[in-house]
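Reader: Could you take me through one part of this model in some detail? I'd like a close look at the second largest pocket, and then at whatever you can tell me about disulfides.

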Amino acid sequence: MEPWREALSFPAFRSRLPAGAAYGYGGESGRALRPRDVTFSPSGAFVGMTYLDHAGATLFPQSLLKAFTEDLSANIYGNPHSQSISSKLTYDTIEHVRYRLLQHFNTTVEDYTAIFTSGCTAALKLVAEAFPWVPKSLEEPGSRFCYLTDSHTSVVGMRGITAAMNVLSVPVKAVEMVPRTMEVGAEEPSCQTPLLFCYPAQSNFSGTKYPLEWIKEIKSGKLRPVDVPGKWFVLLDAASFISTSPLDLSAHQADFVPVSFYKMFGFPTGLGALLVRNEIASRLRKTYFGGGTAAAYLAGKDFYSPRRSIAERFEDGTVSFLDIIAVKHGFDSLERLTGGMENIKQHTFALAHYTYTVLATLKYANGAPIVHIYSDTDFSSPDIQGPIINFNVLDENGEIVGYSQVDRLAGLYNIHVRTGCFCNTGACQQHLGISDDDIKKNLQAGHVCGDDIDVIDGRPTGSVRISFGYMSTFEDAQTFLKFIIATRLCGCNTLICPSQAETVSPATASPRENGYSCGNKIVDELPLERTIMDSQANTSSPSGVTSVCPQLTWGHSERNITEISGNSTEVPRSGRMPVTITNIYLYPIKSCAAFEVAQWPVGHQGLLYDRCWMVVNQNGVCISQKQEPRLCLVQPVIDLEKNVMTIKAEGMDLISVPLEEDSERPTSICQSKVCSHRVQTYSCGGSLATWFSEFLGRRCALIRQCSDFQRNAEQTHGKGEGPVTAASLSLVNEAQYLLINQTSVLQLSGQITARLGESLPLQKLLHRFRANIVISTNEPFEEDKWDEVAIGSLPFKVMGPCHRCLVICIDQQTGQRNKEFLQSLASTKDRKTNFGIYLMNHPERPLSIPSTLSVGSQVLAVEKNPTHSLSPEKQQSG
């Protein structure tokens with residue numbers, strides 16, 4: 001048996017369980033792990049999904065929702081700030097949940113008070129605002145706010161409040177937390193100035209568990225974050241820890257413990273709590289008072305008396321009482337399904353230890369490791385390590401493979417991971433070796449938390465994190481490891497890789513789809529003679545051009561182009577074939593089939609009517625082929641002469657949409673988003689909503705962008721360049737046009753053919769990239785070097801590379817998925833998933849209307865100057 005197949009087997013997993021690890025929750029079979037009621041969707045939408053971001057948010061069991069909805073159906077819960085029967089029921093239930101919450105952490109109301117907040121972050125903010133800080137002064141050294149550098153952003157952000165109170169903030173590294181010894185005879189000063197130290201019970205970055213013993217040692221003075229006189233209090237950030245580990249507050253009496261419920265149960269979200277030790281609770285100060293917090297106050301005079309209850313005093317306004325009731329059912333479900341937190345701790349650690357062990361041993365043929373794991377422990381015990389693994393993938397030469405690329409490839413296998421810095425810059429800097437200056441330089445270069453700029457100057461800006469939760473299984477770990485091996489050791493025979501071809505799920509496909517191939521018909525098969533008049537064509541090239549290629553010496557007749565190309569390099573070459581447009585496509589309905597034309601009008605937003613419409617779900621959110629691959633089977637056809645767009649699909653009646661805007665649309669204006677940018681749209685009516693809902697088998701509607709709404713592309717420019725005029729966009733993701741090179745596609749097809757063992761027609765490959773403009777050059781990937789392009793008389797500015805997603809894995813004629821396309825792309829071009837370039841109408845040469853783009857037009861391109869300063873994103877992406 002091949003070594004990896006044996007290592008990925010269940011017997012190998014069971015045989016390697018270390019002390020403190022156990023798999024399962026006491027069932028007859030250790031493999032029958034996921035309880036039957038831990039199902040997430042009756043429609044089967046989660047079938048085949050491997051979810052590995054439980055540290056971000058765990059998944060909720062259906063039994064929790066069922067019990068919660070039955071509770072709401074059986075009882076009437078009124079506003080708790082009243083005396084009615086329904087209000088009293090709510091109040092009593094909330095108090096019961098407080099007791100249950102404290103019981104879960106092995107404490108009682110005699111020692112702690114539970115204050116409900118909108119989340120863990122709100123709990124931390126409450127502490128920062130209410131802690132009895134003493135400002136620094138000439139007579140008083142003042143309080144200190146100390147925090148471990150391996151802390152969540154929400155902890156570090158508390159220093160903004162303390163700074164406004166003239167309180168010093170002191171970041172402390174874990175290695176600096178050493179016992180402080182006092183000289184013989186020295187006595188502890190009696191200074192009672194309050195000092196606060198915050199640290200996480202478990203790092204949300206690496207899963208390292210910090211000693212709970214620190215709480216007692218710091219409060220006793222044995223351990224001091226800094227040497228200043230005063231009385232220490234401890235805030236234990238338990239949000240990451242308590243999702244998979246038990247916390248005993250009777251043994252480890254932190255003064256403040258913020259918690260988050262969606263990390264424990266998956267539901268409800270938007271609700272957390274602050275557990276406050278009663279010893280400090282009375283010292284907390286509060287300035288604002290909201291509804292329900294006052295025993296009495298005067299509107300006309302400065303008189304206010306707070307309620308006696310600490311919880312009610314700090315819960316401004318009406319608490320989210322229905323969500324609090326859901327917490328009760330969360331505890332019930334967790335206990336019933338697992339038997340308690342100790343079982344969850346052992347189970348999740350078993351999975352993490354196994355995954356870590358196998359991952360750490362994976363190597364390329366040259367002996368180089370496949371991953372670099374960021375950890376402070378050896379995963380030997382669940383007492384020091386939680387079920388989190390943080391890493392970056394490496395290539396054979398030890399170079400970083402960017403986290404965004406790993407994320408895209410994981411998506412091919414329906415594996416959900418987390419990438420970036422995880423709102424923990426301190427740990428990210430520590431493990432990745434990112435300096436303070438690096439952070440600032442990366443920001444100036446355009447990199448912000450949460451984006452996909454993963455490598456700058458060859459160095460990572462973040463990493464990949466996987467984490468296990470109480471319902472995770474061995475199969476989840478096994479699927480992830482198979483994914484790493486399949487994508488990094490492609491071609492080896494060490495294991496059976498996941499199936500390469502996946503068809504549309506039977507749960508989402510309809511019978512009428514079977515056997516149907518929606519061809520993106522070429523122009524000769526469409527009524528183009530009725531849509532584009534010969535008089536509209538404009539294929540003339542600038543006079544004096546005798547050679548068209550990516551690098552050339554411009555003639556005098558192109559002076560208007562070279563005058564705006566000061567940052568470009570012109571290199572003459574001879575004996576090269578002219579570069580021309582081979583295909584033009586537009587996509588009237590976003591994510592639906594292409595409409596191929598021989599020539600087409602160009603407007604201020606790109607090709608006329610390109611992505612003017614899109615399909616949205618019942619919540620107004622855009623539906624793409626990532627969620628509904630069958631959208632590619634919807635074929636729109638535009639007839640400019642008749643001023644109508646016809647929509648067709650197999651098994652459906654033809655339906656049409658007028659090209660002119662609906663005069664009644666102001667009555668149905670709605671806001672939506674495309675790639676996080678707001679767009680203003682209007683509904684195209686009930687008949688089209690019914691048509692799309694029937695075809696896709698789900699509630700949806702067709703909407704159109706309002707013509708009077710201006711959505712501009714984000715602009716970046718290099719050093720020494722002035723601001724660029726913002727390009728107006730339709731419902732496209734990034735830019736007005738997407739250009740691909742047929743020659744580059746042919747090179748990629750060789751990789752795909754080698755993987756699949758069969759060749760694919762060029763046209764099928766072209767359709768997967770959903771480009772507007774297809775060209776053919778002499779060499780593959782010449783387009784990546786371009787800075788400006790002239791097509792006929794139309795000038796364009798290159799905006800950068802297109803970062804490819806899962807859509808290129810979808811056959812645009814059948815809706816079938818195949819992982820090999822993105823994997824093949826990732827194995828070329830310096831391990832990047834870029835393919836094609838974005839263009840916009842040149843900002844310095846106003847477009848003359850009407851203008852037309854035509855097949856056969858010659859292409860003139862100017863290369864980037866290699867010494868020209870580009871943004872790091874483009875440097876690392878191109």
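Author: Here's a walk through that pocket, followed by the cysteines. Keep in mind that this is a predicted model.

Let's start with the space itself: the second largest pocket holds about 620 Å³. Its lining is made up of 25 residues. If you want to find the middle, look for Thr-149, Asp-150, Thr-425, Gly-426 and Gln-429, which lie nearest the centre.

Two helices each give at least two residues to that lining, namely H6 (153–156) and H15 (425–432). H15 has the largest share, with four residues. As for chemistry, the lining of this pocket is a mix: 11 residues are nonpolar, eight are polar and six are charged.

Now for the cysteines. The count here is one disulfide, and it links Cys-421 with Cys-428 at an S to S distance of 2.0 Å. That falls inside the cut-off of 2.5 Å for calling a pair of cysteine sulfur atoms a disulfide. The torsion about the S-S bond of Cys-421 and Cys-428 is about -50 degrees, so this disulfide is left-handed.

How exposed or buried are the two partners? Anything under 20% relative accessible area counts as buried. Cys-421 comes out at 18%, so it's buried by that rule. Cys-428 has a relative accessible area of 1%, so it's buried too. One more cysteine to mention is Cys-612: its relative accessible area is 14%, so Cys-612 is also buried.

Definitions and conventions: Residues are numbered from 1 along each chain as its sequence is written. This is a predicted model: local features need pLDDT of at least 70, side-chain atom pairs count only at pLDDT 80 or more; totals for chains, interfaces and linings use all residues. Side-chain values use heavy atoms; hydrogens and water are left out. On a 1 Å grid over the protein atoms alone, a cavity is a set of points where a 1.4 Å probe fits but cannot get out, and a pocket is an open set with protein on both sides within 12 Å along at least five of seven lines; lining residues have an atom within 4 Å of a point. Grid points are joined across faces, edges and corners, and a volume is the space filled by probe spheres set on the points. Ala, Val, Leu, Ile, Met, Phe, Trp, Tyr, Cys and Pro count as nonpolar, Asp, Glu, Lys and Arg as charged, and the others, Gly among them, as polar. Buried means under 20% relative accessible area, exposed over 50%, partly exposed in between (1.4 Å probe, protein chains only).
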